[in-house]
Amino acid sequence: YRFFGEPVVEACVENGASCIDISGEPQFLEGMYLKYNERAAEKGVYVVGSCGFDSIPADMGVLYTRDKLKGTLTAVESFLSVKSGSEGLGVHDGTWKSAVYGLADEASLKKLRKQIGYAPVPVVGAKLKKRGFTFYSPEFKEYCLTFMGSDGSVVKRTQRYLHTELQQTPVQYGAYVTVGGLGSVIKLMFLGMLFLLLVKFNFGRKLLTKYPEFFSAGYFTKKGPTQKQMDGTSFTMTFFGEGYSEGQDPEKGKPNVKICTEVKGPEPGYVATPIAMVQAALSLLEDAASLPKRGGVYSPGAVFSKTKLIDRLNKRGVEFSVISKPEV
């Protein structure tokens, strides 16, 4: 999307067509907001980024968790687990390239955010503790890492919109991924450090994009996953939410209510993503009365929070459910 996405957005806005994409690149997503939000609003069209696995399960999952808690949800942590069959995991190197160019150009994203001049999102309730980059989770009996995808930035944009435009309580959010035992952590840390070192140099980036399979221990390939790999792969995203029961003031005392929810579905990149994308498009077309009154460039949760998107996804294999009901 960094190289090829903007002409599509520009053409849609200028010709009065709404537009969705499946980008997981914060720089592209937020750059389109800066450049086209006002024009899209004038034209009455909706430009909605990240409508694939990045980041509908996370963004809509936080809203689902909020709606299922009786009271005020103030913080959520999500844990992504991807399971594969005997053939293992496979991902196309397009995703790899997005990561290479995104990390290489991190400074531009900071500048872009300064230009936009985001209003800070207030912290309501107890501040969500930031975890270390790697830690052991007793709930999953696995080691976990900070999730490096776009979910955190997309959820934050949604929460900022819901707070500033609809005066809703903003939810703090942390995103993590389970990785297995200590051996997996050591292997991933080594690959990650090598990646971060190489991505800083032009020569390193050329190596990373030319030999994705070698530098990702076989996960990312130029061919992408085989049909057998896709058939054997699924994901589960578990959300641990905390907040304050009805009548409790979130500005006073500790959170006194918890909830656990889940979003699960088929292989993320090639099965769940098109399901999410098509259902998002149908929500734009068929739930028009529930969309924000003003057009613009939106994150999924901001535009779909009042639509039937979750119901649509539930019927098609990307399932949202409550694992443990709110407990005081």
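**Close-ups of a pocket, a small sheet and two cavities**

**View 1. The second largest pocket, with about 590 Å³ of space in it.** This is a predicted model, and here we're looking into a pocket lined by 25 residues. Nearest its centre you'll find Tyr 161, Glu 165, Pro 292, Tyr 298 and Ala 302. Helix α6 (151-166) is the top contributor to the lining, giving six residues. α2, β11 and α12 (300-304) also chip in, with at least two residues each. Sorted by class, the wall of this pocket comes out as 13 nonpolar, six polar and six charged residues.

**View 2. A three-stranded open sheet, ordered β1-β2-β11.** The pairing here is parallel. β1 (19-20) and β11 (296-298) sit at the edges with a single partner strand each, so one side of each has no neighbour in the sheet. Between β1 and β2 (residues 46-48), two bridges make up the parallel pairing. To pick out a bridge, look for Ile 20, whose partner in β2 is Val 48.

**View 3. Helix α2 lying across the sheet strands β2 and β11.** α2 spans residues 26-43 and runs at about 135° to β11. Both α2 and β11 turn up again in the lining of the second largest pocket, each with at least two residues.

**View 4. The largest cavity, with a volume of about 40 Å³.** A search of the whole structure turns up two cavities of 30 Å³ or more. Around the largest one sit Asp 21, Phe 28, Leu 29, Met 32, Val 47, Gly 49, Arg 157 and Val 297. α2 provides the largest share of that lining, namely three residues. The class split is five nonpolar, one polar and two charged.

**View 5. The second largest cavity, holding about 30 Å³ of space.** Its lining is made of Gly 52, Phe 53, Ile 56, Pro 57, Ala 272, Thr 273, Ala 276 and Val 318. Helices α3 (56-68) and α11 (268-286) each supply at least two of these residues, with α11 giving the largest share at three. No charged residues show up in this lining: six are nonpolar and two are polar.

**View 6. Residues 173-199, the stretch that an unreviewed UniProt entry annotates as "transmembrane region".** In the model, the C-alpha atoms at the two ends of this stretch are 28 Å apart. As for secondary structure, the span is 63% helix and 30% strand.

Key:
Residues numbered from 1 in each chain as written. Predicted model: local features only at pLDDT ≥ 70, side-chain atom pairs only at ≥ 80, totals over all residues. Heavy atoms only, no water. Pairing = 2+ DSSP bridges. Helix = DSSP H or I, 4+ residues; strand = E, 2+ residues; numbered from the N terminus. Contact = heavy atoms within 4.5 Å. Axes fitted to C-alpha atoms, helices over the stretch in contact; angles between N-to-C directions. 1 Å grid on protein atoms, 1.4 Å probe; cavity = no way out; pocket = protein on both sides within 12 Å on 5 of 7 lines; lining within 4 Å. Points joined across faces, edges and corners; volume = space filled by probe spheres on them. Nonpolar A, V, L, I, M, F, W, Y, C, P; charged D, E, K, R; others polar. UniProt positions renumbered as here; feature names shortened; annotations may be inferred.
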